[in-house]
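I sat down with this entry to look up a ligand site and a couple of helices. Here are my notes, in the order I made them.

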Amino acid sequence: MFAVRIKTDISIQHYTSTRSYEESHEMSALSQVIDDEHMVKITSNFKRLGERCYLENAGTTLYPQSLLVNVNEDLMNNVYMNPHSDKYTKDCIDQIRCLILKHFNTDPSNYTVVFTSGTTQSLKLILESFQFASNENDDPDTGSFVYLSDNHTSVLGLRELASDKNADVINITHDDFLTAVNSYQKKTMSWKHKMKNSNEANSLFVYPAQSNFNGYKYPIDCMDTIKSGCLNSHLKKNLCQINNNWYVLLDAASFVSTSGLDLAKTQPDYICMSFYKMFGYPTGLGALLVKNSSEDVLSQKKYFGGGTVDIVLSSENYHVKRKNLSERFEDGTSSFLSIIALKQCFDTMHRLIPRTVHDNVMDTISYHTFYLAKDLYYQLQELHHTNGNKAAILYMDSDFSDIKKQGAIVTFNLLREDGSYVGYSEFQHMADLFNVNVRTGCFCNSGSCQRHLMSTNKEMKEMYKAGHVCGDELDLVDGRPTGAIRVSFGYFNTFNDIDKLMTMICRCFVKAQIRRPKRIRNNHHSLLDSIKPNKIFNTITNLRKMLHNQDFINNIEEDLDYSPLDSKIIVKEAAIFPIKSCGAFKIRSSWKIGSKGFEYDREWMIIKDNGVCLTQKQNPKMCMIRPKIDLKQRIMTLHFKGKSPIAVSLDTMAYTKVKESSFCHTKVCTDTIHGYDCGDEVADWISEALEVSFLRLIRQSSSDNRLQKKKHDGDQKLLALSNQAQFLLINKATVRWLKDKILDPQFVDDIDLLTDRFRGNIIIDMEDELAERDWHKVIIGNQEFRVEGECPRCQMVCIDQQTGEKTVEPLRTISEQFGGKLRFGIYLSYLGPVDGTKDSVLKIYSAVKPITNDDNISR
Ligand SMILES: *Cc1c(COP(=O)(O)O)cnc(C)c1O
């Protein structure tokens, strides 16, 4: 019955879908379906992943290295031209249309392939050309556009086009759809196939073959059921007319990435897909498969472009579109080189993946990924806190008992010991730290998200009013989740990836030992435990302490001309970070405050050859580049262990201005920065130190006036390359408090080392921890600052600033203590000197006078 090639006599080698995975004997740590030899061959194509654990295959799968080699070779050895002028290229492309149809077990006599830029364009193309109205000349009836509520956002947008065409726009819920299909199938055992009647209106139903939210596979063996009117009662309920010809638009984008679609068994009228979801490469290419017998109602396409017409007059409104559907629908020149690459995509897939299941590559992928997802599903179900409470809440629509109903996706949220939710953005931060890629949020599927998180439309609107928008970090509103965590598997994933994910979950959120399901392990493939054991940690710490003392704390006291003040709160330390993401330069006595913060603070940055700013997140070794500023000689010297220091001038005259260049510096700060290039010598020095080729050191142009993102009504402040505000203030008492809370025996930082991780500009000390969070303004010595809020934290604080080693703490404890709010330290912006002082200078050991909202004195 079901469309995927699964026979009742399943001929899978060692297992059947009914037999649970514990029973199978030939298990390995790598896979339950693909043998180790093949699996090693597959993973060797993804060496670039290194320690990264990629579990975001529903977003895109990744291309195997050998695919690119083959594509390159093809393009280097052949001459491909514009298919409009070159018959050979056109023939190659038509050949690939056949390959695609063969992949879906059909041929050109049944289906036509239209190349598009992807699923979204395919969907739009159908709606643009679909004729809802009947063929009657006067006052024609118009059919309905019916969509499943649990569709991808790209489908929801179609209703705008449908209502323009006067179609009734109706949605149907997940449950109503399944009930309609199932009960209709039971009730009418021998329903007759309804013949198309061109005098009736046309209705279009669109739904996904597999949910991109949780991998649930909707029935696709029900085309005839839908065509014979199983949704008519739903139309009737919505007071729409029911004498319709039904057409089905199947969104197969998620389904075809890990499952085989057999168009000999089921024949939707229109099918949409994107190729990057199947192969990882090329992007920007998708297909629309049109059943030839359902082509006639695609008559309303308006636009025509290069190649799609038989005749067009430029001075008169006259054109005739081509008869051939793909020629008529592919406006302009197609992405012909990407289409050519598809040949290599299919070939590479067949070379890499064995035909273990049903002698079929896609079924092998399907089972392989299904077993992985099922393994994770069971582990999450079993996951409990020490007090017995459940640690995970799963958002699934199937229990993994049937591969026909479930794909390789697991969607969930984590719960704390007290039953409260872990926000998804907190989870995302910890996953980043562990090099685990998952998707968090609502995955462009608000229908499924609402259904599983049980939020009503009214609540969604309220959350929006409270400031929550798609894709932001507001993961909990009143303790309730606004999104979830999605893990999705591809053919190159193995059980080791699940172990890595579960290790991360247990270390960060559940104080429990993981009980891995019994699997026969291959020792030489243990990718596990990237976090170093205790012993190494201790030696690193000792080394670190030595470095720390030598480099920085040397004779601060002697240098100072401070007079001990009668203040309970004093500035203990000040530091600047001349190069963004690199080491600190600790200030010995005093430092000038400029228009953008401390002078020379984050004035430089390192960029990669693609113009993107390098950060510690990508390259933790950056913190080991230690800049020292010498104001007398007007140079900055850079130090790095094992290299002789190098000097760059503090004066921009020495540099060449980078013409027109602008650098994208983080994905959150979308503003661009203009700057000066500091030359080849220092560029090479940095490239060697960080072991990354073609790095450049860029000095921010003094004319570059970045403004702080507007939060206050008051004036905006100029910024250097720091992300959010001019200054970051850290309270040492809060650091001590945090240190006491960190119970992880592997975390051995002393207070100074822990403080360094927060990369503050101004480090104060006082008795009370956390007091700084209530401050409104602060006067330090004779300088006044305004508090701009708390500093959001990410995995950067988990990088030991002496060694570049990554640890789990202190982010885990910060998250635990602040209920998922990853904040530490406060931002300040400079208001100016007070009490008649002229100089804008901050001195170490100055008294700190906080002003809270309650005692806000006006000046
Ligand atoms: C990915 C996806 C889409 C959108 O595909 P694009 O490539 O972004 O156009 C639509 N529907 C489903 C089910 C998907 O998984």
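Before looking at the ligand, I settled what I would call a polar contact: a pair of N or O atoms within 3.5 Å. I also noted to myself that this is a predicted model.

**Ligand site**

I began with the polar contacts. In Y276, a polar side-chain atom lies 2.7 Å from an oxygen atom of the ligand. T120 also reaches a ligand oxygen, with a polar side-chain atom 2.5 Å away. For D251, I found an N or O atom of the side chain 2.5 Å from a nitrogen atom of the ligand. Then I looked up how much of the ligand is covered: on its own it has 380 Å² of accessible area, and the protein covers 86% of that.

Which residues are around the ligand? I listed T119, T120, H152, N212, D251, A253, S254, S274, Y276 and K277. Sorting the shell by character, I got six polar residues, two nonpolar and two charged. I also checked which helices contribute: α4 (119-129) and α11 each supply at least two residues of the shell.

**Helix α3**

Next I turned to α3, which runs over residues 87-103 and has 17 residues. From first C-alpha to last it reaches 24 Å, close to the 24 Å expected at 1.5 Å a residue. I wrote down its buried residues as T89, C92, I93, I96, R97, I100, L101 and H103. What do these buried residues pack against? I found the strands β2 (111-116) and β8 (286-291), together with the helices α11 (276-279), α12 (325-329), α13 (336-352) and α14 (361-382). After the helix comes N105, with a positive phi near 60 degrees.

**I93, within α3**

I picked I93 from helix α3 for a closer look. Is I93 buried or exposed? Its relative accessible area is 3%, so I93 counts as buried, the cut-off being under 20%. Leaving aside neighbours within four places in sequence, I see I93 in contact with P83, F115, S334, F336, I339 and I340. I also looked at L337, which is 244 residues from I93 along the chain, and found their C-alpha atoms separated by 9.3 Å.

**Helix α21**

Last, I went to α21 (residues 680-690), where V682, A683, W685, I686, S687, A689 and L690 are buried. Their cover includes the strands β22 (604-607), β24 (635-640), β25 (643-649) and β30 (696-700). E691 follows α21, and I noted its positive phi, near 55 degrees.

Key
Residues numbered from 1 in each chain as written. Predicted model: local features only at pLDDT ≥ 70, side-chain atom pairs only at ≥ 80, totals over all residues. Heavy atoms only, no water. Buried < 20%, exposed > 50% of the residue type's maximum accessible area, 1.4 Å probe, protein only. Helix = DSSP H or I, 4+ residues; strand = E, 2+ residues; numbered from the N terminus. Contact = heavy atoms within 4.5 Å. Expected span 1.5 Å × (residues − 1). Near = heavy atom within 4 Å. Polar contact = N/O pair within 3.5 Å; in protein donor to acceptor, adjacent residues only side chain to side chain. Areas by Shrake-Rupley, 256 points an atom, 1.4 Å probe, with all protein chains shown as cover. Nonpolar A, V, L, I, M, F, W, Y, C, P; charged D, E, K, R; others polar.
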